[in-house]
Amino acid sequence: PGPFPPVYSNPAILMWSLGSEWNINLFFKPGQFPTVLSAAQALESAAVQVKSFDSTHPVVSSYGTIVNKPNDVETYVNTSCLSVDVWSVNEYRGPGFSRTFDQWQAISGKPMFLGEYGIDAYNTTAGSEDQATHAQWVSWLWDEIVRNLYANNPNNAALGGAVFEWNDDWW
């Protein structure tokens, strides 16, 4: 029923992911979308199209940090992008997520996961890698995700998280 081969029943498909931090990059190309609202409308259109091809798998979208403008996030999640079933949030808040999980639950009843989290292993103060601190902070962050997992408590919204390397490229 579309331009794609009928692979929707493949057990490797968990969900369809649309956009990475589209609220920040406005879908990358300079001038692609002039506002966050127009990018959100494009995301909604794409989610509707994906669901027309495959109604059996959820659609997820990655939102760049919710810390600065939770009211804006609420508008896009609950008004502009209704066809997105699961939200990914990319957060880099230090050794803890602060109020990320509480903020999300105040924004939406939809499930979420941390699509990106972590810290840079390079310590700019020391001028070198600090793998011990990196490992400790990532451990603390993971423990906080575990405390907020839906699987552990159905009153929680978190589905999990993925550590992201951020700036730890091979120099």
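Start in the middle: select W22, W87, W104 and M112, the residues with the most contacts inside the largest nonpolar core, which has 30 residues. Now colour the elements that give two or more residues to this core: α2, β2 (59-64), α3 (70-80), β3, α4, β4 (112-117) and α5 (131-147). Which element gives the most? That is α2, with five residues.

**Step back: the whole chain**

Before going further, remember that you're looking at a predicted model. Zoom out until the whole chain is in view. The C-alpha atoms fill a box of roughly 55 × 40 × 35 Å, taken along the principal axes. Switch to a cartoon view and you can look for five helices and seven strands. Trace them along the sequence and you should meet the pattern β-α-α-β-α-β-α-β-β-β-α-β. Of the chain's 171 residues, 37% count as buried.

Next, colour by pLDDT, the predictor's confidence in each residue. The mean for the chain is 87, and 91% of the residues reach 70 or more. Where is confidence highest, and where is it lowest? Select strand β3 (residues 86-90) for the highest, at a mean of 95, and strand β5 (residues 122-123) for the lowest, at 82. As a habit for any predicted model, don't read the coordinates in detail where pLDDT is low.

**Along helix α2**

Now pick out α2, which covers residues 36-53. Try your viewer's distance tool on the C-alpha atoms at its two ends: they are 26 Å apart. Why does that agree with what you'd expect for this helix? Because its 18 residues, at 1.5 Å a residue, should span 26 Å. (The expected span is 1.5 Å times one less than the number of residues.)

Stay on α2 and show its side chains. Its buried residues are S38, A39, A40, L43, E44, A47, V50 and F53. One of them, A39, takes us to the next stop.

**From A39 to G19**

Select G19, which is found in strand β1. G19 and A39 are 20 residues apart in sequence, and their C-alpha atoms are 9.6 Å apart in space. G19 is partly exposed, because its relative accessible area is 25%, and partly exposed means between the 20% and 50% cut-offs.

**Two residues with positive phi**

Move along to E21, in the loop between β1 (16-20) and α1 (22-25). Its phi is positive, about 55°, although E21 is not a glycine. Is E21 buried, partly exposed or exposed? Partly exposed, with a relative accessible area of 22%.

Then jump to L26, in the loop between α1 and α2. L26 has a positive phi too, near 50°, and is a residue other than glycine. L26 has a relative accessible area of 19%, so it counts as buried; the cut-off for buried is under 20%.

**Loops and distances**

Here are two more pairs to try with the distance tool.

- Select T56, in the loop between α2 and β2. T56 is exposed, with a relative accessible area of 61%. Now add V86: T56 and V86 are 30 residues apart in sequence and 14 Å apart in space, C-alpha to C-alpha.
- Select G94, in the loop between β3 and α4. G94 counts as buried, at 17% relative accessibility. Add P34: G94 and P34 are 60 residues apart in sequence, and their C-alpha atoms are 31 Å apart.

**Last stop: the cavity**

How many cavities of 30 Å³ or more does a search of the whole structure find? One. The largest cavity has a volume of about 30 Å³. To find the spot, select F101, W104, Q105, M112, N148, N156, A157 and A158, which line the largest cavity. You've already met two of these lining residues, W104 and M112: they were among those with the most contacts inside the largest nonpolar core.

Which element gives the largest share of the lining? Helix α4 (residues 100-107), with three residues. Finish by colouring the lining by residue type: five residues are nonpolar, three are polar and none are charged.

Notes. Residues are numbered from 1 along each chain as its sequence is written. This is a predicted model: local features need pLDDT of at least 70, side-chain atom pairs count only at pLDDT 80 or more; totals for chains, interfaces and linings use all residues. Side-chain values use heavy atoms; hydrogens and water are left out. On a 1 Å grid over the protein atoms alone, a cavity is a set of points where a 1.4 Å probe fits but cannot get out, and a pocket is an open set with protein on both sides within 12 Å along at least five of seven lines; lining residues have an atom within 4 Å of a point. Grid points are joined across faces, edges and corners, and a volume is the space filled by probe spheres set on the points. Helices (H or I, at least four residues) and strands (E, at least two) are DSSP runs, numbered from the N terminus. Ala, Val, Leu, Ile, Met, Phe, Trp, Tyr, Cys and Pro count as nonpolar, Asp, Glu, Lys and Arg as charged, and the others, Gly among them, as polar. Buried means under 20% relative accessible area, exposed over 50%, partly exposed in between (1.4 Å probe, protein chains only). pLDDT is the predictor's confidence in each residue, from 0 to 100. A nonpolar core is a set of buried Ala, Val, Leu, Ile, Met, Phe, Trp, Tyr and Cys residues joined through side-chain atoms within 4.5 Å.
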